[in-house]
Amino acid sequence: MAENLRIKATQKSPGVSFNIATGFLEIKGRSITENAFSFYQPLIDWATDFLNKYFDDITISLSFDYINS
């Protein structure tokens with residue numbers, strides 16, 4: 001089984017938390033990264049890989065106080 005995913009929030013990027021046991025993915029905070037693709041593409045790849053391997057449902061919660069892309 002894959003491991004839980006955790007990325008600590010910074011002043012320019014949101015925090016990310018994915019709990020394998022519950023299938024809950026939360027992305028929360030501020031998203032003003034210089035290159036949104038470089039931040040979000042690895043998350044998309046990770047979630048896609050998870051779904052392809054384990055066929056579980058994921059619940060996604062997005063909570064941004066600011067987005068700039």
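**A four-stranded sheet and two buried residues**

In this predicted model, four strands form an open sheet with the order 1-2-3-4, and the pairing is mixed. Strand 1 (5-7) and strand 4 (59-67) sit at the edges; each has just a single partner strand, so one side of each has no neighbour in the sheet. On average, neighbouring strands here are turned by 5° against each other, direction ignored. As a bit of background, strands of a sheet pair through backbone hydrogen bonds, and they can do so in a parallel or an antiparallel way.

Next comes the start of the sheet. Strand 1 and strand 2 (residues 15-19) run antiparallel and are joined by three bridges. Within this pair, I7 has V16 of strand 2 standing opposite. The loop between strand 1 and strand 2 holds P14. With a relative accessible area of 0%, P14 falls under the 20% cut-off and therefore counts as buried. Once neighbours within four places in sequence are set aside, P14 is in contact with quite a list of residues, including I7, I27, R30, S31, Y40 and F64. As for R30, its C-alpha atom is 5.1 Å from that of P14, although the two residues are 16 apart along the chain.

One of the contacts of P14, S31, belongs to strand 3 (residues 24-31). S31 is buried too, at 4% relative accessibility. Its side chain makes a polar contact with the side chain of Y40, at 2.7 Å. Leaving out residues up to four places away in sequence, S31 also touches K12, F64, Y66, I67 and N68, among them residues of strand 4 (59-67).

Notes. Residues are numbered from 1 along each chain as its sequence is written. This is a predicted model: local features need pLDDT of at least 70, side-chain atom pairs count only at pLDDT 80 or more; totals for chains, interfaces and linings use all residues. Side-chain values use heavy atoms; hydrogens and water are left out. Two strands pair if DSSP finds at least two bridges between them. Axes are lines fitted to C-alpha atoms, for helices over the stretch in contact, and angles run from 0 to 180 degrees between N-to-C directions. Buried means under 20% relative accessible area, exposed over 50%, partly exposed in between (1.4 Å probe, protein chains only). Contact means heavy atoms within 4.5 Å. A polar contact is a pair of N or O atoms within 3.5 Å; within protein, one must be able to donate a hydrogen and the other to accept it, and residues adjacent in sequence count only if both atoms are side-chain atoms.
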